[in-house]
Amino acid sequence: MEILEEDKPHVKLPLRQFYGVVWSSIKMMLAYKSWMIMDLLSTFASVVMYYFVGLQVNPLSLSQSGWGTSYLAFALIGVASSNYLWSCLVRLSHSIQHEIRGGTLETIAVTPVNMMTFFIGQTVRGYLVSLILLVGVFVVGITGLGVQFVMTSASLMAALVLFILMLISNQALGLIAAGIIMVHKRGDPIAFLVASMNEFLAGVLYPLEMLAAFPLLQAISMMFPYTYALDGMRRALILGASLADTGVLTDILVLSGFSVFLMPVGFVVLNWGYRTIRENGSTASY
Amino acid sequence: MKLEEIIEFLGERVPRLEVGVLEKVRAFVIRDFKTWWTYRLWVLLDITGALTSVATYYFVSRIVTPTALVNAGYTADFLTFTVIGISFQHYVWSSVSGLSEAIRDEQYDGTMETILSSRTSFRVFLLGESVFRFLVGSYFLIASLVMGLIIGAKFNLTLGSALAAAILTVLLIASHMVVGVLGAGAILKLKQGDPIVWAFTWLTQLFSGVLYPLGLLPGYLQWVGAVFPLTFSLDGLRRCLMNGEDLTSIAILGDAAKLVVFIVVMLPVSLWVFKVAYDSTRREGALGQY
């Protein structure tokens, strides 16, 4: 007993565990420097690509939809936020898949680290890392390609609130995806489907008004929280709308509704996934 | 027990079957197809992703003026232009990156050394995987083009233009197999991350004219596109499928000639790079490591 007894008590404070999870993931990520550079360059390349696509867009057609005359400004918000959302959405499920494949999820499960803390830590790490890319994209767009946004304190505040609500409402979908991936192991169907539909129907590359001729597609697009987040952020950054703007307020209300409804569902599915693999004894199998 | 008796006891009574390369390639294709088909949901999702990315550009085409396309010598139809660009870019990307992924998967699953300890050489393995990836890619390509047709893309197909497009597609496949072999060599050596496939994907998207004619790029960037076979393939294919040009067109002949030169020059280089990476990985005993 004397020999086997631990000298130091386990670290049980959730905050310290959380810090440990985030820091260990960041250290692991820093080990793959070439990947980070590739990620950065790819993100910048996608912005430059839409600069050249924008040269073909008729500014009059864009302004008729009410979004100003700069296609690059329009597309930059869409591409940057959808890329950010995609990387946040898949971060948790990818890291779970990675741990399962590497055979280390079981190891983590038997440590005193609370699994929910582990999941939240992985998610936050995803937010932080992707935020670097997001900021980089806006810096390249504004300083390198001359994109002009309305950046008053009121419009920036509105954009920030919408951005946070976009993360919360979509993270719920990320939790659902992670819960399902733990049980079904292969791929990430929910995240993939949400990302594809966001890209297609939320108006990332074209004004949503174009969907008016297709009521079914328009109705489907209204079912994704990202549609409202993108609309609101564009209102703030392109048109200079503040939190008092009716359009922005509507978007905030809808996003809040999505968050309140989806977040508990996300945690329930995540818990279900974790419980299921523990009961099946398939924590390490893939 | 005498030595002869031991040899007799342990020896194989039936000699090992000599299996031809074609039969092995067929076996790889069947094996990969069975694995691919096991995940039907993913087949469905992949096709949905490919089709929605084509459909997205239907809406983008509504706000685009096709002046730059006309200046580049294509018909004034942005939708058809992008449908061809996206479909063929996705085709070569999925085929080329699929090859590296196949190697990574075998390493992950611990089956790479098992395969190579059988009487199957790495070249046959690569060939089998390439054929499967291009077959699956062809399925997505056809689906994307049909989707394009449904949403209003206009293909100007005559017997002559179809023949020219078929020849350019064969050259496109051959030239990108070369890129795939380079990527395979890189992944064997580097394990994590594949700079060849990465560079190929992003640089071609930027500089090969997938979504815009190359004339929109500043002069000093246009030469970058000339390095990639996708640039010539897309130009030739668009001339066939949009303009209805055939093999008598100087531009198409020029594109085909550039692709042939690329293959002739780069095939030995990529095989050599692959051999160096393969030999070095074998010496290190790291063939199955990831």
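**Notebook: a helix pair in chain A, and an overview of chain B**

I began with two helices, and my first note is that α2(A) and α4(A) run roughly antiparallel to each other. The model I am reading is a predicted one.

Entry on the angle. I looked up how α2 of chain A (residues 33–54) packs with α4 of chain A (residues 71–102), and the angle came out at about 150°. Angles over 145 degrees count as roughly antiparallel, so the label fits. The two axes lie 9 Å apart. I also checked the hand of the crossing of α2(A) and α4(A), and it is right-handed.

Entry on the contact. Next I wanted to know which residues make this contact. From α2(A) I wrote down A:T43, A:S46, A:V47, A:Y50, A:Y51 and A:G54. From α4(A) I listed A:Y71, A:L72, A:A75, A:L76, A:V79 and A:N83. Sorted by class, the contact of α2(A) with α4(A) has eight nonpolar residues, four polar ones and no charged ones.

Entry on chain B. I then turned to chain B and looked up its helices and strands: there are twelve helices and zero strands. Reading along the sequence, I noted the pattern α-α-α-α-α-α-α-α-α-α-α-α. For its extent, I found that the C-alpha trace of chain B spans about 90 × 40 × 35 Å along its principal axes.

Entry on burial and contacts. Chain B has 290 residues, and I noted that 41% of them count as buried. Last, I looked at contacts in chain B between residues at least 6 apart in sequence, and 80% of these join residues at least 24 apart.

Note on methods. Residues are numbered from 1 along each chain as its sequence is written. Chains are lettered from A and ligands numbered from 1 in the order in which they are written. This is a predicted model: local features need pLDDT of at least 70, side-chain atom pairs count only at pLDDT 80 or more; totals for chains, interfaces and linings use all residues. Helices (H or I, at least four residues) and strands (E, at least two) are DSSP runs, numbered from the N terminus. A residue is buried if 20 or more other C-beta atoms lie within 10 Å of its own, exposed if 12 or fewer, and partly exposed in between; C-beta atoms are placed from the backbone. Two residues are in contact if their C-beta atoms, placed from the backbone, lie within 7 Å. Axes are lines fitted to C-alpha atoms, for helices over the stretch in contact, and angles run from 0 to 180 degrees between N-to-C directions. Angles under 35 degrees count as roughly parallel, over 145 as roughly antiparallel, 65 to 115 as roughly perpendicular and the rest as oblique. A crossing is left-handed if the near helix is turned anticlockwise from the far one by less than a right angle, and right-handed if clockwise. Ala, Val, Leu, Ile, Met, Phe, Trp, Tyr, Cys and Pro count as nonpolar, Asp, Glu, Lys and Arg as charged, and the others, Gly among them, as polar.
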